[in-house]
Amino acid sequence: MDRHTWMYKIPRATTDYIKGVEDFITYAMLYLEKKHKEEGKEQMILCPCRDCNNFKKYRSVDTVRDHLFRRGFKEGYEKWIWHGEGLDSTRTSGTKRGREEDSMEKNDEEDMENDRVQEMIQDMEDHFMNQ
């Protein structure tokens with residue numbers, strides 16, 4: 001099942017939605033652990049629910065999980081850029097990565113450019129959170 005379907009088209013009480021939320025939480029926590037090690041910041045997770053809209057951070061992953069079950073994901077958040085997924089990522093939950101071989105063929109210049117985009121996104125996130 002593609003990400004858009006389980007996030008927005010099926011009831012939140014279904015097994016597919018519950019599994020999708022758990023996959024999201026796992027993905028987001030792995031990103032936070034990596035980010036925490038690199039930057040030494042306190043580990044807080046942005047909430048992508050309809051109300052928090054990726055603007056509020058919580059210390060407890062259980063709060064985010066609860067929001068997603070009660071409120072659902074904010075519209076259009078199929079690519080989890082605020083939770084570590086790159087802008088050019090082809091990863092989708094429950095589907096095969098069709099371009100795995102293509103991604104291995106990127107040259108160093110493209111990788112450096114993508115790293116700068118991710119850095120700019122992180123800077124924007126820090127700026128907005130300070131506001």
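Colleague: Does Phe24 count as buried or exposed?

Modeller: First, this is a predicted model: local features need pLDDT of at least 70, side-chain atom pairs count only at pLDDT 80 or more, and totals for chains, interfaces and linings use all residues. Numbering runs from 1 along each chain as its sequence is written, and side-chain values use heavy atoms, with hydrogens and water left out. Phe24 has 0% relative accessibility, and the buried class is under 20% relative accessible area (exposed is over 50%, partly exposed in between; 1.4 Å probe, protein chains only). So Phe24 counts as buried.

Colleague: The structure holds eight aromatic pairs; which residue forms an edge-to-face pair with Phe24?

Modeller: Ring centres must lie within 6.5 Å to pair, with planes over 60 degrees apart for edge-to-face (under 30 is stacked, the rest tilted). Here it's 4.9 Å centre to centre and 80° between the planes. The partner sits 56 residues away, in the loop between H3 and helix H4 (100–104). At 0% relative accessible area it is buried too, and it's Trp80.

Colleague: Whose charged end sits over the ring of Trp80?

Modeller: For that, NZ of Lys or CZ of Arg must be within 6 Å of the ring centre and within 35 degrees of the ring normal. The charged end here is 3.5 Å from the centre, and belongs to Arg3.

Colleague: Which helix gives the largest share of the largest nonpolar core?

Modeller: That core has 22 residues, with Trp6, Phe24, Val64, Leu68 and Phe73 touching the most other members. Helices H1 (3–9), H2 (15–39) and H3 (61–71) each give two or more residues. The largest share is seven residues, from H2.

Methods:
A nonpolar core is a set of buried Ala, Val, Leu, Ile, Met, Phe, Trp, Tyr and Cys residues joined through side-chain atoms within 4.5 Å. Helices (H or I, at least four residues) and strands (E, at least two) are DSSP runs, numbered from the N terminus. Rings of Phe, Tyr and Trp (its six-membered ring) pair if their centres lie within 6.5 Å; planes under 30 degrees apart count as stacked, over 60 as edge-to-face and the rest as tilted.
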